[in-house]
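Please look through the structure shown below with its sheets, helices and interior in mind. The paragraphs that follow lead from one part to the next.

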Amino acid sequence: ELVATGHQADMIFRPGQRALSLRAGKLWHLLVKSASLDLTADRLHTIALADLYDSGIGHMTQAERIETLRELQTTLVEVRVPSPKVKGRMRVISGPLLSHVERDEDDRGDLVFEFSRTLRRVFADSPHWGVLSKRAVMAFESRYSLRLFEIIAVRVNHEHKTCETFALDELRARLGVPVGKLARWQDVKVKALDPAIAEVNQLAGFTVRYEPIKQGRAVSAVRLHWAKKPDPALKATKRELDGSRVGRKARRDGSAET
């Protein structure tokens, strides 16, 4: 299994920059898992490229690996944490995901990396953690699905909490919608939220639904509801993850024929 902190799942991408690609998002989770208990340590971490490719992410060409690592080094994220100075106020900390990378030129060596100071702070200060299904993470075919899965996975085990409301602009940022894209609620709904919810409901151990919140005639916020799946639904999810991904989308949208 994979783990994620609450602050990590709630990271917001800097306005104006491209959010993490699906491949970079999956690689990020594998690097976090590789660091294990040393997540907050100010040190270099090492993972063999052979182990990385055996982890479920699939083989990447050298060019793809270099580009994906550059994404993690150049993607700036922001996290809101309680202010240590003023009670009831928040402080914003920002930085790249990775501050240092060493890579061998071929696929037979090691990958050496270091989390940025910002990310070490995120790991250390997070009040709660979530367990993520590695098989689900590696199976997602949309970065919006992966981001939605992360957001809900760190919340689903909270007692007495089964929903949360996000301002529409905040939800766009959390999902990693590029600035200037999906400006209308209908675009967010059709191109990001509906497909992401469908894929998460198919592959995760929980279900998600949403409720648009209007201010006047316009949708200004979205309330996300979640619930753990009962055993029969969990067995169906396991069968889906055990089987071939061929035809998965057709099964998801009900267009598969028996």
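Helix α9, which spans residues 185–203, lies across β10 and β11 and runs at about 160° to β10; this placement, like everything described here, is read from a predicted model. The strands beneath belong to an open sheet of three strands, whose order is β9-β11-β10 and whose pairing is antiparallel. Because β9 (163–167) and β10 (206–215) each have a single partner strand, they stand at the edges of the sheet, and one side of each is left without a neighbour there. From one strand to the next, the twist averages 25°.

Within this sheet, β10 is joined by 10 bridges to β11, which covers residues 218–228, and the two strands run antiparallel. Along that pairing, Phe206 is found opposite Lys228 of β11. Helix α7 (residues 143–153) also packs on the sheet, where it touches β9, β10 and β11, and its direction makes about 95° with that of β10.

Phe206 leads on to the interior, since it is listed among the residues with the most contacts inside the largest nonpolar core, a set of 71 residues in which Trp28, Leu72, Phe115, Leu119 and Phe149 are named alongside it. In soluble globular proteins, nonpolar side chains tend to be buried together. Leu72 shows what such a position looks like in detail: leaving aside residues up to four places away in sequence, Leu72 touches Leu20, Ala24, Leu27, Trp28, Leu31, Pro96, Leu97 and Leu98.

Trp28 and Phe115, both named for their contacts in the core, also take part in a cluster in which ring pairs link Trp28, Phe113, Phe115 and Phe123. The structure holds seven aromatic pairs. In the pair formed by Phe113 and Phe115, the ring centres are 5.6 Å apart and the planes stand at 75°, and the pair is therefore edge-to-face, the term used for planes over 60 degrees apart. Phe113 and Phe115 are both buried.

A further strand pairing involves strand β7, residues 110–115, which pairs with β3 in the antiparallel sense over four bridges. Here Asp110 of β7 has Ala48 standing opposite. Which residues of β3 (residues 45–48) lie on its covered face, and which on its uncovered one? His45 and Ile47 make up the covered face of β3, whereas Thr46 and Ala48 make up the uncovered face.

Definitions and conventions: Residues numbered from 1 in each chain as written. Predicted model: local features only at pLDDT ≥ 70, side-chain atom pairs only at ≥ 80, totals over all residues. Heavy atoms only, no water. Phe/Tyr/Trp six-rings, centres within 6.5 Å; stacked < 30°, edge-to-face > 60°. Buried < 20%, exposed > 50% of the residue type's maximum accessible area, 1.4 Å probe, protein only. Pairing = 2+ DSSP bridges. Axes fitted to C-alpha atoms, helices over the stretch in contact; angles between N-to-C directions. Contact = heavy atoms within 4.5 Å. Core = buried A, V, L, I, M, F, W, Y, C linked by side-chain atoms within 4.5 Å.
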